[in-house]
Amino acid sequence: MLRVPVSVENSEVLFSAIKSAGITLLSALPETWLVHVMQMAEDDPDMTLIRLNKEEEGVGISTGAHLAGRKSAMLMQNHGLLTSINGIVSVAQLYRVPLLMFISYRGEMGERDPWQTEGGRVTEPLLRSLGIDYRKLSDPSTVAYDTRQAQTLAESSLRPVALLLTRNLMWEE
């Protein structure tokens, strides 16, 4: 059995922060850094986890949730952000949807997988060019606060907001 060195403790902190922000619906594709969060969502009877075929579908899911009065968030890797740009721009930004995105920030300092490096290199410049406010999460003690702040901003501005989940937060070696 392959051990995945993703922090269970910090995944619990993240999932608790998501719930405390009033989010009751998550959409995601399988992602290594988010494996524990996804399992917690699946096991929680008060949370709905929708598994996607491609990340862009999550924009539609969150749009529908917003129109139904339900708080949602997308879980994805930064390469998933890259594949979601059309939906983010042509739906979430155009129609003013409070889209909260939790993004595994792969490809930053310490990245060991060469295929992750290019996505990491363009994540922040892309978010800035799209006018999407974002914050890096690396300290478990601030995750709940930062999540509430991001959810509040997404709701008040009716715009996408991103939280980048760093290696320091999600990984344990």
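# A tour from strand S1 outward

Serine 27 sits in strand S1. Select serine 27 to begin. The model is predicted. Is serine 27 buried or exposed? Its relative accessibility is 0%, so serine 27 counts as buried. Now show what surrounds serine 27. Leaving aside neighbours within four places in sequence, serine 27 is in contact with Ile50, Leu52, Gly58, Ile61, Ala73, Met74 and Leu75.

**Zoom out: the whole chain**

Switch to a cartoon view. How many helices and strands does the chain have? There are eight helices and six strands. Trace the chain along the sequence and the pattern reads α-β-α-β-α-β-α-α-β-α-β-α-β-α. The radius of gyration is 15 Å, close to the 16 Å that the globule rule gives for 173 residues, so the chain is as compact as a globular protein of that length.

Turn the C-alpha trace along its principal axes. The spans are about 40 × 35 × 30 Å. Colour by accessibility next. Buried residues account for 50% of the 173 residues. Then draw the contacts. Take those between residues at least 6 apart in sequence: 76% of them join residues at least 24 apart.

Add the surface. The chain exposes about 8,200 Å². Carbon and sulfur atoms supply 54% of that area. Then mark the charges. The chain has 16 positive and 21 negative charges. The mean positions of the two sets are 5 Å apart.

**Next stop: the aromatic pair**

Hide the surface and display the aromatic rings. A search of the whole structure turns up one aromatic pair. Select tryptophan 33 and tryptophan 171, which form a tilted pair. Their centres are 5.7 Å apart, with 45° between the planes. The tilted label follows because that angle is neither under 30 degrees nor over 60.

Where in the chain do the two partners lie? Tryptophan 33 is in the loop between strand S1 (25-28) and helix H2 (35-43). Tryptophan 171 is in the segment after helix H8 (167-170). The pair links distant parts of the chain, 138 residues apart.

Check the cover on each partner. Tryptophan 33 is buried, at a relative accessible area of 1%. Tryptophan 171 has 18% relative accessibility, and buried means under 20%, so tryptophan 171 counts as buried too.

**Into strand S6**

Select leucine 165, which is in strand S6. Leucine 165 is buried, and its relative accessible area is 0%. Which residues does leucine 165 touch, not counting residues up to four places away in sequence? They are Leu14, Trp33, Leu34, Phe102, Ile103, Ser104, Tyr105, Leu137 and Met170. Trp33 on that list is a member of the aromatic pair.

Now draw a distance from leucine 165 to lysine 54. Along the chain they are 111 residues apart. Their C-alpha atoms are separated by 20 Å.

**Helix H7 and the loop after it**

Go to helix H7, residues 143-157, and pick aspartate 146. Is aspartate 146 buried or exposed? Aspartate 146 is at 8% relative accessibility, so it counts as buried. Outside the residues up to four places away in sequence, aspartate 146 touches Arg135, Leu137 and Leu163. Leu137 is also among the contacts of leucine 165.

Move on to leucine 158. Leucine 158 lies in the loop between H7 and strand S6 (161-165). Read its backbone torsion. Phi is positive, about 55°, although leucine 158 is not a glycine. Leucine 158 is partly exposed, with a relative accessible area of 32%.

**Another positive phi**

Jump to arginine 96. Which loop holds arginine 96? The loop is the one between helix H5 (85-93) and strand S4 (100-104). Arginine 96 has a positive phi of about 60°, and it is not a glycine either. At 40% relative accessibility, arginine 96 counts as partly exposed.

**Last stop: helix H1**

Finish on glutamate 12, in helix H1, residues 8-20. Glutamate 12 has a relative accessibility of 44%, so it counts as partly exposed. Draw one more distance, from glutamate 12 to valine 37. They are 25 residues apart in sequence. In space they are 6.9 Å apart, C-alpha to C-alpha.

Notes:
Residues are numbered from 1 along each chain as its sequence is written. This is a predicted model: local features need pLDDT of at least 70, side-chain atom pairs count only at pLDDT 80 or more; totals for chains, interfaces and linings use all residues. Side-chain values use heavy atoms; hydrogens and water are left out. Helices (H or I, at least four residues) and strands (E, at least two) are DSSP runs, numbered from the N terminus. Buried means under 20% relative accessible area, exposed over 50%, partly exposed in between (1.4 Å probe, protein chains only). Contact means heavy atoms within 4.5 Å. The radius of gyration is taken over C-alpha atoms; the globule rule is 2.2 Å times the number of residues to the power 0.38. Accessible areas come from the Shrake-Rupley method with a 1.4 Å probe; for residues, only the protein chains shown count as cover. Lys and Arg count as positive and Asp and Glu as negative; His and the chain ends are not counted. The place of a charge is taken as NZ of Lys, CZ of Arg, CG of Asp or CD of Glu. Rings of Phe, Tyr and Trp (its six-membered ring) pair if their centres lie within 6.5 Å; planes under 30 degrees apart count as stacked, over 60 as edge-to-face and the rest as tilted.
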